Amino acid sequence: MIDQFSEHTNRVKSIFNRVASKYDLMNDLMSFGLHRVWKRQFVQRLSVKPDAHYVDVAAGTGDITRLIHKKIMGHGLTPCITAVDPNEAMMGQGKAKLIDKGIIAGVNWVQASAEELPFDDNSVDALTISFGLRNVTDREKALREFHRVLKPGGQFLCLEFSEVQHKHINAAYTFYSQNVIPKLGNYIVEKQEDPPYEYLVDSIQRFPNQPTLKDMIESAGFKTVNFTNLTDGIVAIHEGWK
Ligand SMILES: C[S@@+](CC[C@H](N)C(=O)[O-])C[C@H]1O[C@@H](n2cnc3c(N)ncnc32)[C@H](O)[C@@H]1O
């Protein structure tokens, strides 16, 4: 019998298989390009240092991996980034996009899940996950795994949809996400069973709010955990240290 965890994992896999080729376009359309601003602000928070190993979990089509690469190069350092994702179709898009942008050296793509990372204990200097944790089936396990692979003093950064703070903005955002996003998704990705952008809206609503996620990150062992709201909390950056 298929358990709930496997059912969720298979559903997420099927959804990202179906959206992979349209994922970047949909991000631009749905967020009016704002996701690019959020991602830049996210990577600004990353500490860089020589000879560091960076891991970008749920790397997907590689936006964060590319920004990390750019940041490290900007500091005159040699990048060593591992982009991790379980989904071949998403990684395929990411690899092609990075090659297209001239990024070949310094990025290694690995097919794996957040819950089981193929890295030694205390081996990673910084770990990022952007718009990924929401899709992870066992989030507590993944957070413990992030803590395990980070070196003492290592940095953890998470960018994710969160709870809108202002009630009027929340009303407009709820209307937009429930009425516009699924229709846009059906138009761009084609109407199909288990529509991907209905899953997106649903997964955002179910995701823990800022203080709850902070507690979860602390429970996994991270110290000095804090969060910053962007665009009134539509998304939030959580940061923690091992
Ligand atoms: C919304 S995309 C985010 C891509 C990219 N990080 C970004 O910010 O645009 C979510 C990604 O999470 C990946 N994912 C789903 N389940 C995962 C898991 N258990 N572990 C790691 N990544 C997972 C999906 O394959 C997909 O590529």
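Is aspartate 232 buried, partly exposed or exposed, and what is its relative accessible area? Aspartate 232 is partly exposed, with a relative accessible area of 27%. In this predicted model, the residue sits in the loop between strand 6 (223–230) and strand 7 (235–241). Its backbone is worth a look too: phi of aspartate 232 is near 60°, a positive value in a residue that is not glycine. Most residues other than glycine have a negative phi.

Asparagine 122 tells a similar story. This residue is not a glycine either, and has a positive phi of about 55°. Asparagine 122 is found in the loop between strand 3 (107–111) and strand 4, and with a relative accessible area of 40% it counts as partly exposed.

**The overall fold**

Let us step back to the whole chain. The protein has nine helices and seven strands. For 242 residues, a compact globule would have a radius of gyration near 18 Å, and the value of 17 Å for this protein agrees with that. Along the principal axes, the C-alpha atoms fill a box of roughly 45 × 45 × 40 Å. Buried residues account for 51% of the 242 residues.

Contacts across the sequence are also informative. If you take those between residues at least 6 apart in sequence, 76% join residues at least 24 apart. On the outside, the accessible surface is about 11,800 Å², and carbon and sulfur atoms hold 53% of that. As for charge, there are 28 positive and 29 negative charges, and their mean positions are 5 Å apart.

**An aromatic cluster around tryptophan 38**

The structure holds six aromatic pairs. Two of them share tryptophan 38, and here is how they compare in the usual terms: a pair of aromatic rings is described by the distance of the centres and the angle of the planes.

| Ring pair | Centre to centre | Angle between planes | Kind |
|---|---|---|---|
| Trp38 and Phe131 | 6.4 Å | 55° | tilted |
| Trp38 and Phe161 | 6.4 Å | 85° | edge-to-face |

Where do the rings come from along the chain? Tryptophan 38 lies in helix 3 (residues 34–44), while phenylalanine 131 is in the loop between strand 4 (124–130) and helix 6 (139–149), so this pair ties together parts that are 93 residues apart in sequence. The other pair also links distant parts of the chain, with phenylalanine 161 in strand 5 (residues 150–161), 123 residues from tryptophan 38. Tryptophan 38 and phenylalanine 131 are buried, and phenylalanine 161 is buried as well. Ring pairs thus join Trp38, Phe131 and Phe161 into a cluster.

**Two buried residues and their contacts**

Serine 130 is in strand 4. With a relative accessible area of 7%, serine 130 is under the 20% cut-off and is therefore buried. Leaving aside neighbours within four places in sequence, serine 130 is in contact with Lys39, Phe42, Val57, Ala58, Ile64 and Leu159.

Methionine 216 belongs to helix 9 (residues 210–219). This residue is buried too, at a relative accessible area of 15%. Which residues does methionine 216 touch, not counting those up to four places away in sequence? They are Arg139, Glu140, Leu143 and Pro208. If you would like a distance to check, methionine 216 and arginine 144 are 72 residues apart in sequence, yet 9.7 Å apart in space, C-alpha to C-alpha.

Methods: Residues are numbered from 1 along each chain as its sequence is written. This is a predicted model: local features need pLDDT of at least 70, side-chain atom pairs count only at pLDDT 80 or more; totals for chains, interfaces and linings use all residues. Side-chain values use heavy atoms; hydrogens and water are left out. Helices (H or I, at least four residues) and strands (E, at least two) are DSSP runs, numbered from the N terminus. The radius of gyration is taken over C-alpha atoms; the globule rule is 2.2 Å times the number of residues to the power 0.38. Buried means under 20% relative accessible area, exposed over 50%, partly exposed in between (1.4 Å probe, protein chains only). Contact means heavy atoms within 4.5 Å. Accessible areas come from the Shrake-Rupley method with a 1.4 Å probe; for residues, only the protein chains shown count as cover. Lys and Arg count as positive and Asp and Glu as negative; His and the chain ends are not counted. The place of a charge is taken as NZ of Lys, CZ of Arg, CG of Asp or CD of Glu. Rings of Phe, Tyr and Trp (its six-membered ring) pair if their centres lie within 6.5 Å; planes under 30 degrees apart count as stacked, over 60 as edge-to-face and the rest as tilted.
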